[in-house]
Amino acid sequence: MNKVLQDLMQVKPNKAAGARIPLIDGVEKVSGQAKYTADLDADDALVGAILRSPYAHAEIVNIDISEAKALAGVKAVITGEDCGAPFGILPISENEYPLARGKLRYRGDAVAAVAAIDERTAQQALDLIKIEVKELPAYFTMEDAMASDALLIHEKRKGNLERAVDEEFGNAEQGFAEADLVLEQTYHCGEVTHAHMEPHASLAEYDAERDLLTLKSVTQVPYYVHLMVTQCTGMDSSRIRVIKPFVGGGFGARTETLNFEIVACLLAKAAGGKVRMKLTREETFLTHKGRPETDVCIKIGIKKNGKITACEAKVLQRGGAYAGYGVITILYSGALLHAIYDIPNVKYTGRRVYTNNPGCGAMRGHGTTNIRFAFEALLDSLAEEIGLDPIEVRRANLLAPNFETINGLRAKSYGLPECIDWVEEASNWKEKRRQLPRGKGVGVACSHFVSGAGRPVHWTGEPHATIILKLDFDGGITILTGASDIGQGSSTIIMQSVAEILGVDYGRLRVIANDSAITPKDNGSYSSRVTVMVGNAAVDAGKNLKKILVDAAASKFECAAEDVECMGEVYRVKGSPETAVPFQDIVDQAMIGSGTITAKGTYFVPREFQGMGKQRGAAVGSSPGYSYGATVAEVTVDEDTGLVTVDKIWCAHDCGFAINPLSVEGQVQGGVWMGLGQAISEETGFQNGMHMNANFLDYRFPTIMESPDIEVKIIEPIDANGPFGAKEASEGMLSSVLAAVSSAVRDAIGIEMTETPITPDRVIDALVKQERANKRNQSGKGAV
């Protein structure tokens, strides 16, 4: 037997699923080779720039662009009159224009745009544009915007409400009557933004001879951008090409089309060439789409054994000037009160309010973070009042796998019990809770999130995801996907999924993503959909290609297909290892009579996981599966300065089967870190509508210096709806971090902090109030 055959007989399939491999684009990123949108060749591009409103609320009387157009070096000047079509992520709430028409609705609103030969000329042109307006009363708080005499920020939006939600499942009043203890509290969460490393940028090129438009941009959702560019330019969709280069973070900021992307295209058309838009950090902050300022009034009733009998939540969200994802956000807050604990009676009132601030949108943990903070914090109060351990109260309300909630949400797996068990043991919870010296404390909280929305934003009847595999004469397999890798590692997961099915070496695979002229449509990276939806499509494509190869091997071996054994890089007849032939021989056989081989894989969310409730908006919150997280935080509170230092985080995350544990751990650490920012330091600030901290010096997100030790445990209950049993791995833990830190602060100083972020000034205020209350109590006792 020759050595070649001996080597072939020893080949084993590549067990890719579950492997701890680096992300496939990691080398390019750490070496500086990765090209982000602002890095792309733009030597022949014009400079695009946007004139922004100095007014928070005003009617546009006139915009005079004559002097700007006459300036040497200016190639195009456009205003809202050059685009009459609105845009937005939701078909039912498209109320933003690429450039303002009729009204200016916040300081920073886009008024006009120019394309010029260089930055200096572009700025000069902006300075020459004259705006004549009639100023209107501006509303920066929800209370002012909802006042009976407030002017409407958008016509036909009575009371400046974007969306009102009123839902009840079960009978909340009866549930509270059955409770042994009922508590109610109001919580306030400051507005936060994504703080992604890469500022916004886009590069648009218009070929006037062929009437073709190409846009390269920082988006998470190339398909939705394609739709909105088509709508706002009036071009035929087939003449538009959208490409996503490397993206330096998204976290939800780029899950909808942003005005500068459309403006770049309009300028490119007007100038008949190429235009690059590079937004400053301040402009990126003003484009915003972050998590809204939220007030939550929540009421929960429990029995003496800790079992919840009812919950009522009233939520107000300050949505800013435009709709964005607002309808979804306010619905998510109510829908995902469910699917984490067994709650028999739930009443939810939600109001999303327009104000004259930059528009909010989706952000990691979309719609769930602030209300989960409030729920978990009040659960701690209930536990303390009734004399139970906070962990035991949570255990008393656990669901079972294969559950269906009272609002119609379903899931096949539920790893929260194991998450709780691990953080309790790993953190030495029982030895620390209420046992540490004053100023030190531990706290616990739980959270969850969807593994993709059960229904996409634009429901077309098409598959939720599609993957195409191309196999050619060279034996290389090209994976074509429209799924956006924005740093979360989705391309790596797709490659591992295909490699696991085919058993081939990674070197044989190449991923090409996000070019509408080449790759299949995908809805994008939002709601943690890619692992489950695109992963399932990749598995399906792999199986379809494998069938083609097995049939080719059967023809070559002159045996039945079921007698062929696929060893990845080798095929052979079962029971006859000496028949082994290399992968390339099977490729050659498969191409006879067909040439290049393509295999398509698709995925549809099963109907019963698309939202089975009868209520309006029932699809929001539905998902093929839910991830779960439990977090314990240990903190130190300096009572002299009010500074909260997070010493350590223990976080257990149920992601189903971890296709890439290394990637999962990184995602969990990132989610924890982002949650810490909202918990202790991050908050946007406005003064009369002007952004006061639109930079990375004044917007206080934690750096590596503030990052505590984060210990991660992956919990892996297999979910039948996920590829190999996988679920999402980047959002489900985030919401628990806020409440865990708040709970730990309460353990450390005996005060419940009802506002986030828990900044030193808020801690000092709370300590002063506590001291005054203690003195009053002592004075009263002395008088008696």
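The paragraphs below lead through a predicted model, moving from its nonpolar cores to a strand, two helices and a set of aromatic rings.

A good place to begin is the interior. The largest nonpolar core of this model has 112 residues, and those with the most contacts inside it are Ile298, Ile300, Phe375, Leu416 and Val741. Helix H19, which covers residues 734-749, gives the most to this core, with ten residues. To picture how one of these core residues is surrounded, consider Ile300: leaving aside its neighbours within four places in sequence, Ile300 is in contact with a list of residues that includes Phe176, Leu181, Val182 and Leu183, as well as Ile308, Phe375 and Leu382. There is also a second, separate core of 46 residues, and among its members are Ile21, Leu471, Val530 and Tyr571.

Helix H19 deserves a further look through one of its residues, Ser743. The relative accessible area of Ser743 is 3%, and since a residue under 20% counts as buried, Ser743 is therefore a buried residue. Once its neighbours within four places in sequence are set aside, Ser743 is found in contact with Asp380, Arg433, Val442, Gly443 and Val444.

From here we can turn to a strand. Strand S1, residues 46-52, is mostly covered, with six of its seven residues buried, and S1 is paired with two other strands. With strand S12 (residues 274-278) it runs parallel, and three bridges join the two; in this pairing, Val47 stands opposite Arg276. With strand S5 (residues 110-116) S1 runs antiparallel, joined by six bridges, and here Ala49 stands opposite Val114. When looking at these strands, it helps to remember that in a regular strand the side chains alternate between the two faces of the sheet.

The next element is helix H7, which comprises residues 222-233. Its twelve residues, at 1.5 Å a residue, should span 16 Å, and because the C-alpha atoms at its ends are 16 Å apart, the expected and computed values agree. H7 is mostly covered, as ten of its twelve residues are buried, including Pro222, Tyr223, Val225, Met228 and Cys232. What covers these buried residues includes strand S10 (212-217), strand S11 (240-243) and helix H8 (259-271). Just after the helix, Gly234 takes a positive phi of about 75°. One of the buried residues of H7, Tyr223, also has a charged partner, for the charged end of Lys521 sits over the ring of Tyr223, 4.3 Å from its centre. A similar arrangement occurs elsewhere, where the charged end of Arg455 sits over the ring of Trp459, 5.0 Å from its centre.

Rings can also pair with one another, and the model has 15 aromatic pairs. How are the rings of Phe285 and Tyr699 placed in their pair? Their centres are 5.5 Å apart and their planes stand at 65°, and because planes over 60 degrees apart count as edge-to-face, this pair is edge-to-face. Phe285 belongs to helix H9 (residues 281-287), while Tyr699 lies in the loop between strand S29 (690-691) and strand S30 (709-715), so the pair ties together parts that are 414 residues apart in sequence. Both Phe285 and Tyr699 are buried. These two residues also belong to a wider group, since ring pairs link Phe285, Trp673, Phe696, Tyr699 and Phe701 into a cluster.

Note on methods
Residues numbered from 1 in each chain as written. Predicted model: local features only at pLDDT ≥ 70, side-chain atom pairs only at ≥ 80, totals over all residues. Heavy atoms only, no water. Phe/Tyr/Trp six-rings, centres within 6.5 Å; stacked < 30°, edge-to-face > 60°. Helix = DSSP H or I, 4+ residues; strand = E, 2+ residues; numbered from the N terminus. Buried < 20%, exposed > 50% of the residue type's maximum accessible area, 1.4 Å probe, protein only. Lys NZ or Arg CZ within 6 Å of the ring centre and 35° of its normal. Expected span 1.5 Å × (residues − 1). Contact = heavy atoms within 4.5 Å. Core = buried A, V, L, I, M, F, W, Y, C linked by side-chain atoms within 4.5 Å. Pairing = 2+ DSSP bridges.
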